[in-house]
Amino acid sequence: MSRRLAQIICAIFGVVMFLLFFSPHPAARTIALTITTEYWQVIYAFALIVGAVSFLRVNVKNIQRGQDSGYRIISLIGLVAMPTVAIIWGIGANTPFMWIFENIQVPLQSTVFALLAFFVASASFRGFRARSLPAAILLISAVVILLSRSWVEGQFASGLIATADWIRSYPSMAARRAILIGIGLGSLTTSLRVIVGIERTWLGGGR
Amino acid sequence: MKLEARHWTFVGLLIVVVGAMLLGVRPDVTISDETQRMFEYIDSLPEGSVLIYSFDHESSSLPEIRPAALALVRHSFSKGHRIIGVALLAEGTGIGYRLMEMAASESGRQYGRDWVYLGFKPQYIAAILSMGESIEKTFPQDYFGTPYDSLSMLSGVVNYQQVAGVVSIGDGNMAVHWIEYGQSRFGIRISSAMTAAMVTTYDPYISSGQLHALIGGLRGAAEYETLLKIGGGGQRGMLAQASAHIYILLLILAGNVIYFVSRRRRD
């Protein structure tokens, strides 16, 4: 029964949101605004609680087993500390929350992302091989695009940028459009399957 | 510890990038059509136009995206545009505010009169859609908790109809959401500054006109700074980026030479 109820709610909201999106009627616009500014945010808040509880359970369980305990304790401290400072001092500019964010999270994340450059350098030496004709075409295209985004000037550069533009405007764009249309049709089909109740994996369980 | 080949490639990259940064050379760059288009778009907006700058990126891409964002905001302030700053990814919130505050203080723009910062709103699709109906209902107060209707700049700004355009500063697919829900649903003009890796993703949208203009990566930022006739992080980073690119190309070349030589020997 609970699964059926969830399915009915999902179908009703799916159809209503679809109709609201295309309706210019003032009443429809008001309902759309209420749903997007209020209901949607409430659902998001509940989803966050589920995520936080799940994160807590997984980490506590692994700490008890002694798996990567140090890292997990730091994660849990972060999970508790950030909401605590946010609740006490707020999240605006010049608050402890923002200080932690700007001086701990931003440098850490930038550092991790910067490591990608080293992996790319290593992978370019070991992995980017022209083993076949398609691989060679891909490699040459990548080199042309890379150079066109770099600092190259003069007669050579204008030819290179023209070639890069041609790659972007024709083969790359054709592939992108095909992928986008595929994604669009796939999303539409999946949404319809969920609304009419054919697709039920989102409800969880094996059936 | 014995150093392997990959460790030497790491060391080489470090030397190349640090060396290029230390040289401090700011190369001139040729302006691409896409950057020129973005410059002309911002430049053509009349004084007093309201623009939304949406900081839709994470801190990981900050070194690449910040120069472009700063150049755009500086340009807007110099043209007398009124700017609304928002963030649809939580990490962009503080970054966006600091950047706008810096650009505003450089050009003597006053908070509340010339620019406001509304902060972060979770659920980006919901936020984009609801701003099309009412910006005040989406952001009842600004980043500091000041009520929307107390900010003089926002007087008369109800929804996208009073906004000249949105500039999404992003490192992912957020500009796609702006296009799908902002441009398609409400007809708001969308432009974007994005990381170089994302530029080709947006080619179909540029071609169809759904994305009005874009600047991509550090090169785009350097080009924009050249057009503005100001220095900045884009020009500063160009030599380091170009050196790293050439270093990687040499590695690809070396890897392929070794591969073909060893294959010939094996055959």
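Across all chains of this predicted model, the structure holds 20 aromatic pairs. One of them joins Tyr160(B) and Phe186(B) in an edge-to-face arrangement, with 5.5 Å centre to centre and 65 degrees between the planes. This pair links distant parts of the chain, its partners being 26 residues apart. Tyr160(B) belongs to the loop between helix H6 (135–138) and strand S4 (165–170) of chain B, while Phe186(B) belongs to helix H7 (residues 174–186) of chain B. Tyr160(B) has a relative accessible area of 4% and is therefore buried.

Phe186(B) also takes part in a contact with a charged residue: Arg185(B) lies over the face of its ring, at 5.0 Å from the ring centre. A contact of this kind involves both chains elsewhere, where Arg131(A) lies over the face of Tyr259(B) at 5.2 Å from the ring centre. Chain B further contains an aromatic cluster formed by Phe55(B), Tyr97(B), Tyr111(B), Trp115(B), Tyr117(B), Tyr143(B) and Phe144(B).

**Helix H3 of chain B**

Helix H3 of chain B covers residues 62–78, which is 17 residues. At 1.5 Å a residue these should span 24 Å, and the end C-alpha atoms are 23 Å apart, so the model agrees with the expected value. Of the 17 residues, 12 are buried, and H3(B) is therefore largely enclosed by the rest of the structure. The buried residues of H3(B) include Leu62(B), Ile65(B), Pro67(B), Leu70(B), Leu72(B), Val73(B) and Phe77(B). His75(B) and Ser76(B) are also among the buried residues of this helix, as are Ala68(B), Ala69(B) and Ala71(B). Just after H3(B), Gly80(B) adopts a positive phi of about 80 degrees.

**Buried positions and C-alpha separations in chain B**

Three further positions of chain B can be placed by element and by burial. Val86(B) lies in strand S2 (residues 82–87) of chain B and is buried, with a relative accessible area of 0%. Leu129(B) is part of helix H5 (residues 124–133) of chain B; its relative accessibility of 10% falls under the 20% limit, so Leu129(B) counts as buried. Met238(B) is located in helix H10 (residues 233–266) of chain B and is buried at a relative accessible area of 0%. The table sets out a C-alpha separation for each of these residues.

| Residue pair | Separation along the chain | C-alpha to C-alpha distance |
|---|---|---|
| Val86(B) and His245(B) | 159 residues | 33 Å |
| Leu129(B) and His177(B) | 48 residues | 9.8 Å |
| Met238(B) and Ala90(B) | 148 residues | 29 Å |

**A nonpolar surface patch on chain A**

On chain A, a nonpolar surface patch of about 920 Å² is made by Met1(A), Leu5(A), Ile8(A), Ile9(A), Ile12(A), Phe13(A), Val16(A), Tyr39(A) and Ile43(A). The elements giving two or more residues to this patch are helix H1 (2–22) and helix H2 (26–65) of chain A. H1(A) supplies the largest share, 6 residues. Met1(A), another member of the patch, sits in the segment before H1 of chain A. Its relative accessibility is 79%, so Met1(A) counts as exposed.

Conventions
Residues numbered from 1 in each chain as written. Chains lettered and ligands numbered in written order. Predicted model: local features only at pLDDT ≥ 70, side-chain atom pairs only at ≥ 80, totals over all residues. Heavy atoms only, no water. Patch = residues over 30% accessible without salt bridge, like charges linked within 9 Å, V, L, I, M, F, W, Y side chains within 5 Å. Areas by Shrake-Rupley, 256 points an atom, 1.4 Å probe, with all protein chains shown as cover. Salt bridge = Lys/Arg side-chain N within 4 Å of Asp/Glu carboxyl O. Helix = DSSP H or I, 4+ residues; strand = E, 2+ residues; numbered from the N terminus. Buried < 20%, exposed > 50% of the residue type's maximum accessible area, 1.4 Å probe, protein only. Phe/Tyr/Trp six-rings, centres within 6.5 Å; stacked < 30°, edge-to-face > 60°. Lys NZ or Arg CZ within 6 Å of the ring centre and 35° of its normal. Expected span 1.5 Å × (residues − 1).
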